[in-house]
Amino acid sequence: MLESMGSLTGSPWIYAVVALSVLLDVFLPVLPSGVLVITAATAAAAGTTATATSVANAADQVPREVPSLLVLVLCAATASVLGDLVAYRLAWRGGDRFDRAIAKSRRLTSAQARLGTALSRGGGTLVVIARFAPAGRSVVSLAAGAAHRKVKEFLPWSALAGVAWAGYSVGLGYFGGQWLGATWVGAAVSVFALAGAGALAAYVMRRPTPSPAPETA
């Protein structure tokens, strides 16, 4: 399968599939968008190795392979931000029914409170961390919209989160393929590394927000 994906990395279809998967997984977190990005990057590593062995001049591989990786990162990051904004706008316009649904979800209510505090202080690292956590992107995007946070507060952090996640995922797949071989072993190790980052991000998100210290007279 890696070989067949390797033949698609230079085709617009692989980018379209990656973009669609990343766009939709804000609503369907079960979609394996991260696995797909890693597999495509691992296939790009396989293409680089094949080019290096078949072309006498190794410099010829740079214009053939590097654009594939850059476009893959761009597609994944752009689709991530667009998906965040769609979820954000839907929650913004959700009305009383959506607000009641938010209130019934302890996870969404907690995220909404923590996100509001973080954004009001000018720090949206929670948005970046949540991008790596399972379903964290969905929770934060919906919470930001339901809380009617300003788009100028949310969008820059969503963009940073999308670039960080896309770059990390593509880097895992590509360098994993280079160091461990462009096989299922390399792809599996890269996927486990992505899952490890997700578990750490989920742990950070579950930690209670520390109470502010009381003011002294």
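In this predicted model, the side chains of R137 and D25 come together in a salt bridge, with N and O 2.3 Å apart. The partners come from distant parts of the chain: R137 belongs to helix α8, while D25 sits in the loop between α2 (12–24) and α3, 112 residues away. Both R137 and D25 are buried. A pairing of this kind has a simple basis, since side chains of opposite charge can pair when their charged atoms come close.

R137 has a further partner to look at. A salt bridge also joins R137 to D84, and here the closest N and O atoms are 2.6 Å apart. Because R137 lies in helix α8 and D84 in helix α4 (residues 61–92), this pair ties together parts that are 53 residues apart in sequence. The cover over these two side chains can be put in figures. Buried means under 20% relative accessible area; R137, at 5% relative accessibility, therefore counts as buried. D84 has a relative accessible area of 2%, so D84 is buried as well.

In the whole structure, the search finds 3 salt bridges. Besides the two pairs of R137, there is a salt bridge between the side chains of E153 and R149, at 3.1 Å from N to O. In this pair, E153 is partly exposed, with a relative accessible area of 23%, whereas R149, at 18% relative accessibility, counts as buried. Salt bridges with shared partners join D25, D84 and R137 into one network.

The helix that carries R137 is itself mostly covered: 10 of the 11 residues of α8 are buried. Along with R137, the buried residues of this helix include G136, S138, V139 and V140. Further along α8, S141, A143, A144, G145 and A146 are also buried. After α8 comes H148, which has a positive phi, near 55°.

Helix α8 (136–146) also takes part in lining the largest pocket, as do α3 (33–54), α7 (125–132) and α10 (184–206), each of these helices supplying at least two residues. The volume of the largest pocket is about 420 Å³. Its lining is made up of 22 residues, and those closest to the pocket centre are P29, G34, F132, A133 and P134. Of the helices, α10 gives the largest share of the lining, with 5 residues. In chemical terms, the lining of the largest pocket divides into 14 nonpolar, 5 polar and 3 charged residues.

Turning to the chain as a whole, the fold contains 10 helices and 0 strands. From the N terminus on, its elements therefore read as helix after helix, in the order α-α-α-α-α-α-α-α-α-α. The chain has 217 residues, of which 42% count as buried. Contacts across the sequence are plentiful in one particular sense: among those between residues at least 6 apart, 80% join residues at least 24 apart. The accessible surface of the chain comes to about 11,700 Å², and carbon and sulfur atoms account for 68% of that area.

Definitions and conventions: Residues are numbered from 1 along each chain as its sequence is written. This is a predicted model: local features need pLDDT of at least 70, side-chain atom pairs count only at pLDDT 80 or more; totals for chains, interfaces and linings use all residues. Side-chain values use heavy atoms; hydrogens and water are left out. On a 1 Å grid over the protein atoms alone, a cavity is a set of points where a 1.4 Å probe fits but cannot get out, and a pocket is an open set with protein on both sides within 12 Å along at least five of seven lines; lining residues have an atom within 4 Å of a point. Grid points are joined across faces, edges and corners, and a volume is the space filled by probe spheres set on the points. Helices (H or I, at least four residues) and strands (E, at least two) are DSSP runs, numbered from the N terminus. Ala, Val, Leu, Ile, Met, Phe, Trp, Tyr, Cys and Pro count as nonpolar, Asp, Glu, Lys and Arg as charged, and the others, Gly among them, as polar. Buried means under 20% relative accessible area, exposed over 50%, partly exposed in between (1.4 Å probe, protein chains only). Contact means heavy atoms within 4.5 Å. Accessible areas come from the Shrake-Rupley method with a 1.4 Å probe; for residues, only the protein chains shown count as cover. A salt bridge is a side-chain nitrogen of Lys or Arg within 4 Å of a carboxyl oxygen of Asp or Glu.
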